[in-house]
Amino acid sequence: MARAPATVEDLEALETDVLAGFVLARAAAGLSDGTISSDVVHLEQARAWFGRSLWEMDPADTDAYFGKVLRSAAKGTRLARAQAIKTFFLFLELRHKVEIHQMTGRVVECPIDEMNRPRGGPLGKLRIPPTVEQVSRLFTGWRQELASCRKFAPTARNYTACRLISEVGLRVNEACKLDLADIKWDLGRFGKLHVRHGKGARGSGPRERMVPLINNAAATLRWFVEDVWGQFGDDDGYLAMSSEPAGQMVECVSGTSGK
């Protein structure tokens, strides 16, 4: 028995179901909500420009989209938009290729190919780390400035954050979200830091880990707790080392403003 032609309402319902299924599948793969949301925004913007269901896009459409509409867009935007579209079409081909063909007569095929795929991935650059002598000179000068700086506590907070980053290899984001309770003084030989908001892999969201307080990092933290922490008021959140969730240990070094 021949299937009745799909109505506009049928196609709209299918498009909604497909996008919902895409979101659920990406969540099942372990991607963070932020990563999934970013992909959905890219798809919605491409859909708004195209004016029809994305599965109707062909290479000529993406040629016009990336060659004209996004020609002057930032490189990262172009790459992220292209990757979102490619991932969505992979989902369509794996899950809905037969259903879309039955309803529309169209064979789903990714419109981004080797000819029109946006180029410009990050180039490998040689990064030469500073020498031990240079790092030592930096922190020696910074430590000397603490005696004469206008606002000691915020400056000492930034100094402590950078020392931690240098001594135990924390990322700035990880240092921003440390709390007093995250310092485990008695764990292991040197003590450890509980990094609760570590960087995830492939969009999987934060991953926890324990970081040993090597390279004299325990002494750096002890100095901060004993000599600096008390100079922050009760309502001074970021580096107040409060046990409350809002009281975080290190404010982002970039854009820090003293009080």
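Trainee: Where does G105 lie, and what makes this residue count as exposed?

Mentor: In this predicted model, G105 lies in the loop between α5 and α6. Its relative accessibility is 53%, and exposed means over 50%, so G105 counts as exposed. The C-alpha atoms of G105 and P5 are separated by 9.9 Å, although these residues are 100 residues apart along the chain.

Trainee: Why is D113 called partly exposed?

Mentor: D113 lies in the loop between α5 (97-104) and α6 (132-145), and its relative accessible area is 32%. Buried means under 20% and exposed over 50%, with partly exposed in between, so the value of 32% makes D113 partly exposed.

Trainee: Which residues gather with D113 in a patch on the surface, and what is the charge of that patch?

Mentor: D113 gathers there with D63, E93 and E109, and the patch is one of negative charge. Asp and Glu count as negative, and a patch takes residues with over 30% relative accessible area, a condition that D113 meets because its value is 32%.

Trainee: Turning to the aromatic rings, why is the pair of F22 and F88 called edge-to-face?

Mentor: The structure holds ten aromatic pairs. In the pair of F22 and F88, the rings lie 5.4 Å centre to centre with 80° between the planes; rings pair if their centres lie within 6.5 Å, and planes over 60 degrees apart count as edge-to-face, so both conditions are met. This pair links distant parts of the chain, since F22 belongs to helix α1 (residues 8-28) and F88 to helix α4 (residues 75-95), 66 residues apart. Both F22 and F88 are buried, and ring pairs link these two with F89 and F91 into a cluster.

Trainee: How do you know that W142 and Y159 form an edge-to-face pair, and are these residues buried or exposed?

Mentor: The distance is 5.7 Å centre to centre and the angle between the planes is 80°, which satisfies the limit of 6.5 Å for a pair and the threshold of 60 degrees for edge-to-face. W142 lies in helix α6 and Y159 in helix α7 (residues 152-168), so the pair ties together parts that are 17 residues apart in sequence. Because buried means under 20%, W142 is buried at a relative accessible area of 19%, and Y159 is buried at 5%.

Trainee: How many helices, strands and residues does the chain have?

Mentor: There are nine helices and three strands in the chain, and buried residues make up 34% of its 259 residues.

How values were computed:
Residues numbered from 1 in each chain as written. Predicted model: local features only at pLDDT ≥ 70, side-chain atom pairs only at ≥ 80, totals over all residues. Heavy atoms only, no water. Patch = residues over 30% accessible without salt bridge, like charges linked within 9 Å, V, L, I, M, F, W, Y side chains within 5 Å. Areas by Shrake-Rupley, 256 points an atom, 1.4 Å probe, with all protein chains shown as cover. Salt bridge = Lys/Arg side-chain N within 4 Å of Asp/Glu carboxyl O. Charge placed at Lys NZ, Arg CZ, Asp CG, Glu CD. Helix = DSSP H or I, 4+ residues; strand = E, 2+ residues; numbered from the N terminus. Buried < 20%, exposed > 50% of the residue type's maximum accessible area, 1.4 Å probe, protein only. Phe/Tyr/Trp six-rings, centres within 6.5 Å; stacked < 30°, edge-to-face > 60°.
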